[in-house]
Every structure is written in structure tokens, then in C-alpha cells.
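Trainee: I would like to learn how to read a structure like this one, feature by feature. Could you show me the model and then go through it with me?

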Amino acid sequence: MCITLKYGIWNIETPEMGAVNTLVGEGYPPLPAMVLAARGITDAKKAHEYLNCTSSLIDPFLITDMDLAAGRVGLAMERNEKIAVFGDYDVDGITATCLLVDFLTRHGANCMRYIPSRLEEGYGLNPIAIHQLKQEGVQLIISVDCGITAVEEAQLCKELGIDLVITDHHECKDQLPDAVAVVDPHRPDDHYPHKNLSGVGVAFKLAAALSGDQEEVLNEYADMVCLGTVADVMLLQGENRVFVARGLESIRHTHRPGIAALMRECGCSPDTVCASTIGYNLAPRINAAGRMGQINLALDLFLTDDSSLASELARKLCELNRERQTVESQIYQQAVSMLPDGAPPAAIVLADDSWHQGVVGIVASRLAEEFCCPAFLICLDGEHGKASSRSYGGFNLFTSLTALSDLLESYGGHELAAGFTISRSQIPVFRQQICQLAGAYYNNSGPKTMLDVDCAITPELLTVHNVDALSILEPCGNGCPKPIFAMERMTIERITMVGGGRHMRLRLRSGTSHPPINAIYFSASPESTSVAQGDVVDVAFNAQINDYRGERTVQMNLLDIRPSCSAPCSAELYDYGRIRTGEPISAVEELLPTRAILADIWRFLAASGPIVQEAPLCLCRKIVRHTGKPLSLGKLMTCLDIFADVGLLNTQRMNKYILIRLTPGKEKADLSRSRTLQILLHAKER
């Protein structure tokens, strides 16, 4: 059985010890110093710049068109014109909408909110909404977290006599909408030094421009800016670190009844709120409102001053999230039942008339991870369908959809997540062609899943004091990730299942001189990871403190586990993909195996056969552990091809895994007849 490595490659950094010693000498504790040095931060000045959460805020008027936006909104407030704040239905859009509506209302504006129905209107400015707002007497629309690509919608606003101010943070296309103001740090002509503001961050800047006092506005709305920034996975550097640090402090002592109620309903302690709390506890419940078509629950939660109503809204949001989870589970089970028998396809493309548009993206992500291939789920409505897709292993969705754009009615997104609309009749040919693209990608190189590990450490560093000291790296998130450590050659002393059999608890030991360390591996089992008591493994983990009945101990939160190796095991493929293409092979020595290596690999396979199914890199590590000799992934794959050429075995790529079937009764063959070997020998002679 194969170990299910979550990440094919562990990229373990080696901190420069001179930098570590410098940082320790300047007051940084050992573990944080190692993390910082691994990230290229070599002294206290650079560390302060990287971690600083108190830097001065940047003048909002440095953003292009901010003067025009503030001027037009200010004029609308003076004239008592009706203003509509138009947002998006995710956490960033919800908080941006609520921040600006609350700010404008408090300052006397005649202001309403509008977030489109995800199921009926879709994302962003749209003709349905614009016509409705016109009927309601709206004279100015301010978009938040959307609008930067709304060229046609901006023209419609002009035709209807509605002024439009766009505030957004998404990438621009070649043509900007014709609006009174287009405020987006990603504009090509924008010189704002901090390009990574969230949608709510840009909305905050507009409020600050109107107020003239950024500090006062941040004191009032830091919690909302923090929620949107973290939930939208923005880079936690520069101003965003200030927003999140100030926001977390505000959330811990929140004056907003809705946030307090939601934390109570989630069981979150205000004292321990961090960025992870937002990502894993608060954000999914807020997002449930948009996913399930009840966006007003989230808007009302943030805007109410009534504690009793806030409690009721928080309860309903949590119920809605549980409903979302149920719908997600139902779609997932149905989708799995629709998969073809046998080996999983190179890409999953499924469609159904009953699926919920707001939930299929989550299911697609789950399928992609479980079956190790890109997943496309299409919600059908009549003769058309709307799809959500998620990537796996480096397969570029946007590039692939662009290549197949003739089959699509529209598409958008990026390399990891994308959406498109398609005619029902085109789905079969789309399925065929996207599977061909994915199959070619995986057959050439396999999934490119990588875990960036800050550094490998030894057990003596994993103390309560040292783990507590990691808090100086907070807030952690995109751009300043939670530290990931590796520990090698750990013996599994004990395995127990917890959480109703869903999670695996391990006791790990390194040698005999150190006490054992407890570890938890969520959503894993001995069967899924193919580990057993007594195995020697490497583990990648977050270090955390387990506080149980007042006793504080260190615990590993495992992210991945793999067999330990006594010799180098390289994930490099070198020029392996060129052997069959006829392209020049420069890395012949790295691919050409000796007879001893071929013999070692064959003996391992013969002892493991007649059928071996493994992740290629995991198989490589097992062979290295068995032989005690170095081996690269490229050389292993070359050896398998040599054996296949002469009929000793056949191989089949199954996305993340390779399936090897040894030929019954055939244990010897003339390897010199292998085409792969002949190609390499010929390349060596050149």
C-alpha cells in the first residue's frame, strides 16, 4: 500500500547559521530566529521591517482617482443624493459594503446597500441591478470589491444618468470602465506603493479620504478591514499587517454586537482569536450567506447595534453554514458516484441539473484533492451550464480554458480556480479535450505539489518556551505564513484514532535521549497514510501548544508524513521528459542507471509485487530506504521505462500514483534491447 503524500516535494530551507546567531544575539528566540533566517531575513532591522505592525498608514490620495471619488461622494452627501454601495457576496465584499454603508450613514448620507444574488445575477455589476437601482432613485453607485471589468455596465449607468464610482482591488483588463472615478491600486497608471489591498482595504481608503483622519476611521473599522483582508488571503505585508494586527485587537475587544455574537456561536474565545480563527471559523460562516442566497443575514449581522438581534443572526448564519455543509456532502457523494469505474480520469468533468451553484466550487476543491486531478463541476440550467473548477498539482486552469475557449461561452479566473459557462451540448467534447490536456501534463511530469518547509529542527528545540516565542511572527498568513518545521527519522511509538475515527494521534520519538512528542494528523488514518507502529518517518508540521486542564505541552499538527531515507533521494526529473520526444538530453549521467541500480530496483519491485501502486516520489524514497543508496526520481522513472521496454512490467500513470504490474513468470530479460537505454547510451556518446 502507498503512503498518501499530500505534497510530492518538501522544499526544506536551510537557515544560514550566521544569520540565526545574529538574530539570537539581537534578542530573537531560537525558533523564530531560524524561521526568519530561512526566509532570508538576516538581521534585526530586516526582521522589524518584515514583522512591523505599527508602520504609518499611506495617504489614500496617492491612489489614482481617489480625489475624484472622494469629491463625487462628498458632493452626493452635500446634495442628499441617494447613494448605493454595490458589493460582492464574499467576506471581503460584505465587509467592504458594510464599512462604507456604515461610514456614510453615520456622516449623514442617504445610503443603501446592494449585493447581487449569487444564484440569479452572478458576480458584480449587472443590468438587472442597475435598472432596479435606477427605479429606486439612486443617483450614485459606489462599487466595492468589484467593477474593474464592468465596461458595458458603466456605459449603461451613463445612459441611465447614474454616476458610477468604482473601487476595486482586482487585476485590470486593457480597457477601464468609463466611470467618474476608477480607484484600483492595480491600474497601470497607479503609483500607490501598496498594491495588495483587499476590497475592504480600498473601501477603507475611500472612507479615510472622505474623513481626513485615517487613524479615527481605522479605530472604528479595523475589525472589518481585518476580516476581509484575511478571508481574501491578501499578502500580510506593509499596510495589511497593520490592518490585521489592529483588527485582531479590535475583534478581541469588539464593540460590534454581530462579531461578538458570531464568535460566541462558533465557540471562539476572544482571547485566542488569530488570523487562523478568521480563516477556519468566522469566514466560512459569513461566506455561507452568499453561497446559500441569504446575503442579508451577513449584512445585518455587521450593521446591527441590537445584541439580541445579533445573537439570532449569528445562530441563523451557523445553521446556514451547516446546511451548506449538508448540501456540499450530498453533491460530493453524488459526484463520486458519477465517476467512471477503474482508474480515475486525468480530469474530473461532471454536470447535473440539481446542483447548487454556490457550493460546487467547494466540492470541486475537495474532489481535486482526493482524486489528485483538476475538477470541473457544472450546474446545468436548460441548455447551458455554469462551472466551477479547481486545479491540482500545478495544472494551469486559466491557460487550459484559454486553449479550449472555442468550446466555452465565457470564462475567467486564474491558474488555481476558474469558472466558465458552456452549452450542454459541448460538455462531452470539453471533457475529452480537458482530459487530454491534463493527461499530457501529468504523464510528462506528474503533479507538482510542493510543501515549503522553513527548516528541519531537532527535538530539543521543541519546548513550550520556544513554541510560545513563535507568537512574535503573528499575524501569520499569506506572505508571512505560519512556520512549518520538519523533523526527520522519528519512530512511531503509538497510534490512536480520535474524533470518532476521523483523525490520527501519534506518539513520536527521536532516539532514546529525548522524551516522546505527541502529534495530531487531521483527516488521516494508518490506512490512508500506510504507517504503523515502529515505522521510521519524517514529519512536516506546525508547532502548537496543547492546553489540557491547565497543563501546557507541545504538540505537532502534522501536515505530511513520509518514509525516512538513509541516503539522498532527489525529486529531480532532470531531462526525463525528453527521452521520448527526441529533444537533446543534457542530463544523461543523472538519468542513465548502472546495472547495479537496475538490479536493486528490480529486486525491490519483485519483493513488493506483483502489483505496486505508489506516488512516484514515495516509491523512490522507499527504494532508497531499502537499499541505502542515493536515487533520483528521474533515474527511477527511467529504470521503470527500461523494464517496461523489455516486457518485465507495465506501468500506468494514475494522476498522483503510478501503477506497476510485474509480468507473471518473467523475471529475466535482455535490458540492452530497451529503447530507453539505447536512447540514453546514444546521447552519452554524442
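**Strands, helices and pairs**

Mentor: Val 349 stands opposite Phe 376 in E8, and this is a good place to begin. The model is predicted, so local features need pLDDT of at least 70 and side-chain atom pairs count only at pLDDT 80 or more, while totals for chains, interfaces and linings use all residues. Residues are numbered from 1 along each chain as its sequence is written, and side-chain values use heavy atoms, with hydrogens and water left out.

Trainee: In what sense do E7 and E8 pair, and over how many bridges?

Mentor: Strands (E, at least two residues) and helices (H or I, at least four) are DSSP runs numbered from the N terminus, and two strands pair if DSSP finds at least two bridges between them. Here E7 and E8, the latter covering residues 375-381, run parallel and are joined by 5 bridges.

Trainee: What is the strand order of the open sheet with mixed pairing?

Mentor: The order is E7-E8-E9-E11-E10, which makes 5 strands. E7 (348-352) and E10 (410-413) are the edge strands, each with a single partner, so one side of each has no neighbour in the sheet. From one strand to the next the twist averages 15°. Across E7, E8 and E9 (384-390) lies helix H15, which runs at about 150° to E8.

Trainee: At what angle do H14 and H15 pack, and how far apart are their axes?

Mentor: Two packed helices are described by the angle between their axes and the distance between the axes. The axes are lines fitted to C-alpha atoms, for helices over the stretch in contact, and angles run from 0 to 180 degrees between N-to-C directions. For H14 (residues 307-337) and H15 (residues 360-371) the angle is about 50° and the axes are 9 Å apart. The two helices are therefore oblique to each other, given that angles under 35 degrees count as roughly parallel, over 145 as roughly antiparallel, 65 to 115 as roughly perpendicular and the rest as oblique. Among the residues making the contact (heavy atoms within 4.5 Å) are Arg 324, Ile 331 and Tyr 332 of H14 and Val 363, Leu 367 and Phe 371 of H15.

Trainee: What is the strand order of the open sheet whose pairing is parallel?

Mentor: That sheet also has 5 strands, in the order E3-E2-E4-E5-E6. Its edges are E3 (110-114) and E6, each with a single partner strand, so one side of each is left without a neighbour in the sheet. Neighbouring strands are turned by 20° against each other on average, direction ignored. Within the sheet, E4 (residues 140-144) and E5 (residues 163-167) run parallel and are joined by 5 bridges, and Val 144 has Thr 167 in E5 as its bridge partner.

Trainee: How many salt bridges does a search of the whole structure find?

Mentor: Side chains of opposite charge can pair when their charged atoms come close. The search finds 30 salt bridges, each a side-chain nitrogen of Lys or Arg within 4 Å of a carboxyl oxygen of Asp or Glu. One salt bridge joins the side chains of Asp 65 and Arg 187, at 2.9 Å from N to O. Asp 65 lies in the loop between H3 (44-51) and H4 (66-79) and Arg 187 in the loop between E6 (181-183) and H8 (199-211), so the pair ties together parts that are 122 residues apart in sequence. Asp 65 also has a positive phi of about 75°, although it is not a glycine.

Trainee: Which residues does a cis peptide bond join, with omega about 10°?

Mentor: That bond joins Gly 609 and Pro 610, and Pro 610 lies in the loop between H21 (595-608) and E20 (611-614). The peptide bond from Glu 474 to Pro 475 is cis, with omega near 0°, and Pro 475 is in the loop between H18 (464-469) and E14 (485-498).
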